[in-house]
Amino acid sequence: NMSDLTTCADVLYNYITANQEVPWDDLRYMFGEVFYGGWITDAMDRRCCVTYLEVLFRPELLPDGNSSPNMELAPGFRAPYPTDYASLKNYIETALPAESPVMYGLHPNAEISLLTAEREILFNTISEVSGNTDAGGSGSKGSDVVQRDLERFMQMLPESLDMIDIESRVKSKTPYVICALQEATRLNNLFAVMRKSMEELQLGLEGALNMSAAMEALAAGIASNSVPALWMSHVSTRVQEVYSLSAWYADILKREEQLKIWTKGDLSLPTSVWLPGLFNPKAFVTAVMQTYARTNKLPLDVMKFMTDVTTKVDPSQIPEAPSEGAYVHGLCIEGARWDKASGSLRDSIPGELHTPMPVIWIKPVTADKFTLKNYYECPVYTNMQRANVYSPMVSTFTLRTKEAPYKWVLGSVALLLQDDLSA
């Protein structure tokens, strides 16, 4: 806003007049962390703001003697030679390129992602306001569709995991075992809610029970192929589901398959964990560090982790779990791609918005061995929405890069647990 802009201009003037040389670092900190940055609550948003200042607000912005600056503020748009206000204003109005993703450091694919998201919002809104589904009407076509899909969902729903049997086989409650038990408990709670709500709706459609508001909402969700709020609330209270109901149901069944394997025998850690299939993936990442800390008798507050991307695309190619840390799979990357040949980040191929990642090794390290040299600290989100209210950031993974990390920061590169576009 104008007040921040005016304040920054005043601070810039005071700093320049009080110092023989421009204090670039001080000014970047004041602008990026105090004035504009003070309004930013999300850590990744603040990092983006600071990175823009590091890239654009530097000595090359000014002329060297009488020659014009060689620095480009955007592709094809050089920093102007400082003259008077009118000349600078005219230069900006006439020479500034047309707005595009590349102008801000984004890949051209970003525009496709934006248009895709706007299309989804438009059609979802049309579907919601059209009012052409009569989910609860007795004898209606909509009711027949709901009845058919409801029966199919009820047949597909597995039995709950036997927690008494599982816990009886636990020899030691390691961090991984605790994580597995928590995941199994949450899955059972979800199955119980789903089973009860579907049985009640079944009776309501048959006329044995009066249709309640909850039953109507479930019927409407089934009719529109959208995840009912009641079911979603038992997966997460913060993540807004982007999958269709059919894709979400398949995802839940896949979670059950993973937990059945994990909770066999003595609940040993799987060779590779399907990270998107966990209710609380952040807890699993913490369990990796806890396990290493306990094994090596280290305090947890000195623990960090780094991630190395393996060459294996299929987790079945992994022969065994690592001696330290854990393998995870199922993530995709947005804003860039992973080049297996060079083992580093590369620009996306035009038209490829999301590309699957190979198996990733989460490797616990102590704080003194943690480094970001030649790495990009990549945020991991649940889905494309990214916003903290709906899609909390799970963690940050380190991805190797042969280019400056700021390129991927400005390119808004992130790892996603859910590939919204494939649903």
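**Figure 1. Strand β5 and the directions in which its side chains point.** In this predicted model, strand β5 spans residues 326-329, with Ala326 and Val328 pointing one way and Tyr327 and His329 pointing the other, and all of these residues are buried (under 20% relative accessible area, where over 50% is exposed and anything in between partly exposed, using a 1.4 Å probe and protein chains only). Helices (H or I, at least four residues) and strands (E, at least two) are DSSP runs, numbered from the N terminus. Residues are numbered from 1 along each chain as its sequence is written, and side-chain values use heavy atoms, without hydrogens or water. As the model is predicted, local features need pLDDT of at least 70 and side-chain atom pairs count only at pLDDT 80 or more, whereas totals for chains, interfaces and linings use all residues.

**Figure 2. The partner strands of β5.** Two strands pair if DSSP finds at least two bridges between them. Strand β3, made of residues 272-274, pairs with β5 in the parallel sense over three bridges, and serine 272 stands opposite tyrosine 327 of β5. Strand β10, made of residues 360-366, runs antiparallel to β5 and is joined to it by three bridges; here valine 328 faces isoleucine 360 of β10.

**Figure 3. The surroundings of histidine 329.** This close-up is centred on a residue of strand β5, histidine 329, which has a relative accessible area of 15% and is therefore buried. If neighbours within four places in sequence are left aside, histidine 329 is in contact (heavy atoms within 4.5 Å) with Ser272, Val273, Trp274, Leu275, Pro276, Pro315 and Val359.

**Figure 4. The largest nonpolar core, with Trp248 and Phe284.** A nonpolar core is a set of buried Ala, Val, Leu, Ile, Met, Phe, Trp, Tyr and Cys residues joined through side-chain atoms within 4.5 Å. The largest core holds 74 residues, and among these Trp248 and Phe284 touch the most other members. Helix α8, residues 175-206, contributes the largest share of this core, with 14 residues. Apart from this core lies another, of eight residues, which include Val11, Phe31, Leu53 and Phe57. Beyond its neighbours within four places in sequence, phenylalanine 284 is in contact with Tyr176, Cys179, Trp262, Leu269, Val273, Leu275, Leu278, Ala326 and Val328; of these contacts, Ala326 and Val328 belong to strand β5 and point one way from it.

**Figure 5. An open sheet of five strands.** The strands of this sheet follow the order β9-β6-β13-β11-β12, and their pairing is mixed. β9 (354-356) and β12 (395-400) stand at the edges, where each has a single partner strand, so one side of each is left without a neighbour in the sheet. Further in, strand β6 (residues 332-334) pairs with strand β13 (residues 414-416) in the antiparallel sense over three bridges, and the bridge partner of cysteine 332 in β13 is leucine 416.

**Figure 6. The edge strand β12 and its partner β11.** The pairing of β11 with β12 is antiparallel and extends over six bridges, with proline 379 standing opposite threonine 396 of β12. Although β12 stands at an edge of the sheet, this strand is mostly covered, since five of its six residues are buried.

**Figure 7. Two loop residues with positive phi, leucine 267 and lysine 297.** Most residues other than glycine have a negative phi, and most peptide bonds are trans. Leucine 267 has a phi near 60 degrees, a positive value in a residue other than glycine, and its place is in the loop between α11 (245-262) and β3. With a relative accessibility of 2%, leucine 267 counts as buried. Lysine 297, with a phi near 55 degrees, likewise has a positive value in a residue other than glycine, and it lies in the loop between α12 (281-295) and β4 (303-309). In contrast to the buried leucine 267, lysine 297 is exposed, with a relative accessible area of 77%.

**Figure 8. The chain in which these close-ups are set.** The chain has 13 helices and 13 strands, and its C-alpha atoms fill a box of roughly 85 × 60 × 40 Å, taken along the principal axes. It has 423 residues, of which 41% count as buried. Among contacts between residues at least 6 apart in sequence, 66% join residues at least 24 apart.
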